[in-house]
Amino acid sequence: MTDAPTTASHSHGEGPFIAALDQGTTSSRCIIFDRDGRIVSVDQKEHEQIFPRPGWVEHNATEIWRNVQEVIAGAITKAGVTRADIQAIGITNQRETTLLWDRKTGQPVHNAIVWQDTRTDALCKELGRNVGQDRFRRETGLPLATYFAGPKVRWLLDNVEGLRERAEAGDILFGTMDSWVIWNLTGGVNGGRHVTDVTNASRTLLMNLHSMEWDERICSSIGVPPQVLPEIRSSAEVYGEVRGGTLGELLRGVPVASALGDQQAALFGQTCFDEGEAKSTYGTGTFMLINTAHKAINSYSGLITTVGYRIGDQQAVYALEGSIAVTGALVQWMRDQMGLISTAAEIETLASSVEDNGGAYFVPAFSGLFAPYWRSDARGVIAGLSRYVTKAHIARAVLEATAWQTKEIADAMKKDSGVEVSALKVDGGMTANNLLMQTLADVLDAPVVRPMVAETTALGAAYAAGLATGFWPDVHALRANWRRAAEWTPAMDAETRDREYKLWLKAVQRTMGWLED
Amino acid sequence: MARNIQSLERAAAMLRLLAGGERRLGLSDIASSLGLAKGTAHGILRTLHEEGFVEQDPASGRYQLGAELLRLGNSYLDVHELRSRALVWTDDLARSSGESAYLGVLHQHGVLIVHHVFRPDDSRQVLEVGAMQPLHSTALGKVLSAYDPVAHSEALEAERKPYTARTVSSAEDFEAVLDLTRARGYAADIEETWEGVASVAAPIHDRRHMPVGAVGVTGAVERVCRAGELRPELVAAVRDCARAVSRDLGAGRF
């Protein structure tokens with residue numbers, strides 16, 4: 001349960017409102033938004049993380065659907081509104097998490113395999129054949145990696161007894177969590193809609209980025225029968241109306257009107273509607289996406305090409321995505337493993353007690369390096385140590401690590417797209433760290449902007465559902481809702497930036513090849 | 001040189017003795033180690049026990065250091081922790097009030113701005129985190145002076161510079177303003193620091209009801225005030241925000 005920020009000074013007035021469901025990796029949340037994009041109420045429930053073996057991560061999809069119904073009902077009750085006040089419901093979800101279920105009974109045939117799960121490692125290598133991990137990159141924009149849904153479907157068909165036959169007979173449905181929720185909301189076994197949106201489909205390794213359709217050749221190469229696949233729809237349109245489950249009573253007839261993968265929803269919630277607009281979400285790890293308009297740009301710099309969003313029958317908007325494995329997690333490591341600070345926020349206090357990093361650079365390649373290097377043989381280093389270095393310098397190096405890693409992604413984006421990040425919109429827990437945000441502006445040599453709503457992911461889903469149902473007329477109205485809460489402007493001279501960047505890159509080189517096969 | 005207080009010296013010696021290892025000590029061990037009569041030692045130990053500085057094992061009756069000593073060392077609230085707890089609430093305050101929101105703490109005889117949320121319009125604004133404001137004339141400063149005894153004495157000792165014709169400078173008038181602040185639960189600054197600018201602020205308390213900071217909004221006097229008075233809905237929004245942050249820090253409802 002979460003208390004929504006409410007104020008007595010301004011009431012939220014009369015409806016209608018938009019409900020946004022955020023089906024995330026650790027919890028499901030429902031947030032009710034008003035027309036100004038302000039939060040009216042929130043309800044949240046965590047679900048179990050199931051670890052059957054090292055490297056395997058599963059979710060119980062039945063539990064998730066139960067929680068989804070509870071949090072939607074909870075948020076509506078807390079807001080004190082009825083279905084007449086809810087204009088539409090929008091969905092955003094953890095991406096790539098894969099589920100197969102029985103069309104006739106509505107029962108999952110296996111736990112959902114979560115995006116973090118690495119059980120398809122060997123399968124992905126095998127699927128790469130003599131080409132390697134870029135075998136399907138031109139069509140799908142993605143490397144063959146354990147994250148993506150396609151190989152997970154193949155694993156289930158290979159490992160659950162009798163499943164392939166049932167799938168080929170047309171009894172089995174595949175979906176990422178958006179499909180599972182929409183199918184259940186719109187009636188389940190009684191005519192539920194089996195659909196997914198382009199952003200979620202673009203993370204399966206099965207969709208052709210250019211035609212926005214399932215790629216038959218790749219589906220057959222990976223071993224996914226076409227009968228199981230949902231229909232690919234846009235991110236903002238009415239997929240159906242609420243009919244199913246315990247919500248049938250409470251919300252009957254409310255349109256289900258958007259679906260977006262969580263990072264794409266954040267891009268949408270940050271109103272990055274123009275080419276070159278970028279957002280970066282700072283959590284345990286970091287995901288940065290840049291809008292590349294109607295061009296699906298192939299990456300030669302270790303980024304992923306993905307669909308940003310598609311509104312109804314308008315042209316799709318593409319994005320380049322870069323992910324950093326360890327950002328907030330490094331601060332947690334300093335707190336939990338090193339004990340140098342007692343709360344995450346104290347890293348700023350410690351780092352602020354010195355003027356600079358004292359010559360130390362910290363590359364947190366704890367599980368290898370992600371974008372733009374993709375080196376699994378790398379491990380973390382602290383470079384440039386001398387006797388002069390104190391824990392405060394290390395704290396500074398910890399924050400700088402997040403900034404430099406962001407710069408490396410921004411540079412890769414520029415290289416691939418030719419578009420320079422002119423301003424970076426940020427969200428996530430680490431935006432409370434002022435020193436980090438200033439350092440980010442300094443090393444990017446671009447302003448860093450924090451919006452007033454921290455819940456950009458849920459807001460993105462609400463925006464898309466609102467656009468689909470005429471709650472907001474167009475994206476300009478959404479831009480008008482966007483409010484700047486803070487802005488950091490660059491204050492580092494070019495010479496310092498270049499020198500420091502060079503030293504950072506040198507430290508990165510020191511991490512590579514640490515593991516030997 | 002003034003004479004020291006003997007019982008405090010003895011209490012300090014006892015704490016040092018108990019801190020000198022993992023052992024628990026009985027009354028007679030403590031008394032003999034410090035060369036005290038048992039009755040004297042017991043009186044001091046009982047006082048320390050009531051304050052939570054020592055604990056007594058119920059089974060053996062032996063003494064050890066108390067949890068309160070640990071809390072003493074950790075009671076300081078990190079300002080960055082404060083900002084991170086206040087973030088969502090101050091965003092909502094700026095949004096609902098339409099003015100810029102500030103979070104301030106006492107620092108070197110003034111108010112240090114530790115968090116600033118822009119006024120929610122598209123105008124060009126500069127982040128003021130790290131700036132200092134005077135204690136005696138701003139709403140944030142008055143709140144700190146009214147609730148934090150250290151801020152109070154610093155504000156009284158300092159020269160209270162008149163920034164505008166409306167600045168309250170005399171010690172007597174200043175004390176009256178602080179009394180009013182405590183009675184109302186918020187402080188105002190209507191053109192007392194900057195011409196044309198007004199602000200309102202309320203105190204943030206931690207779980208032990210210690211004043212740890214102040215939160216408020218600042219804006220053009222024409223928007224913040226109506227007929228020369230603060231708009232009541234702004235006062236309510238600021239106080240709601242202060243209560244919400246305090247609740248997040250573990251303070252009970254008040």
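Modeller: Before we start, an axis here is a line fitted to C-alpha atoms, and angles run from 0 to 180 degrees between N-to-C directions. Keep in mind that this model is predicted.

Biologist: Thanks! Why are α6(B) and α7(B) called roughly perpendicular to each other?

Modeller: The axes of helix α6 (residues 139–147) and helix α7 (residues 149–157) of chain B come within 5 Å and cross at roughly 115°. Angles from 65 to 115 count as roughly perpendicular, so α6(B) and α7(B) earn that name. Their crossing is left-handed.

Biologist: Which residues of α6(B) and α7(B) meet?

Modeller: Leu144(B), Ser145(B) and Tyr147(B) in α6(B) meet Pro149(B), Ala151(B), His152(B) and Ala155(B) in α7(B). That contact has 5 nonpolar residues, 2 polar and no charged.

Biologist: Now to chain A. What makes Gly328(A) count as buried?

Modeller: Buried means under 20% relative accessible area. Gly328(A) has 9% relative accessibility, so Gly328(A) counts as buried. Gly328(A) sits in helix α11 of chain A, whose buried residues also include Leu330(A) and Met334(A). Among the elements covering the buried residues of α11(A) is α13 (391–417) of chain A.

Biologist: And why is Thr284(A) called partly exposed?

Modeller: Partly exposed runs between the 20% and 50% cut-offs. Thr284(A) has a relative accessible area of 47%, so Thr284(A) belongs there. Thr284(A) lies in the loop between β15 (278–282) and β16 (286–291) of chain A.

Biologist: How do you know that Gly328(A) and Thr284(A) are in contact?

Modeller: Contact means heavy atoms within 4.5 Å, and Gly328(A) is in contact with Thr284(A), as well as with Gly283(A) and Met430(A). An unreviewed UniProt entry lists Thr284(A) and Gly328(A) among its "binding site" residues.

Technical notes:
Residues are numbered from 1 along each chain as its sequence is written. Chains are lettered from A and ligands numbered from 1 in the order in which they are written. This is a predicted model: local features need pLDDT of at least 70, side-chain atom pairs count only at pLDDT 80 or more; totals for chains, interfaces and linings use all residues. Side-chain values use heavy atoms; hydrogens and water are left out. Helices (H or I, at least four residues) and strands (E, at least two) are DSSP runs, numbered from the N terminus. Angles under 35 degrees count as roughly parallel, over 145 as roughly antiparallel, 65 to 115 as roughly perpendicular and the rest as oblique. A crossing is left-handed if the near helix is turned anticlockwise from the far one by less than a right angle, and right-handed if clockwise. Ala, Val, Leu, Ile, Met, Phe, Trp, Tyr, Cys and Pro count as nonpolar, Asp, Glu, Lys and Arg as charged, and the others, Gly among them, as polar. Buried means under 20% relative accessible area, exposed over 50%, partly exposed in between (1.4 Å probe, protein chains only). UniProt positions are given in the numbering used here, feature names are shortened, and annotations may be inferred rather than shown by experiment. Lists of a residue's contacts leave out its neighbours within four places in sequence.
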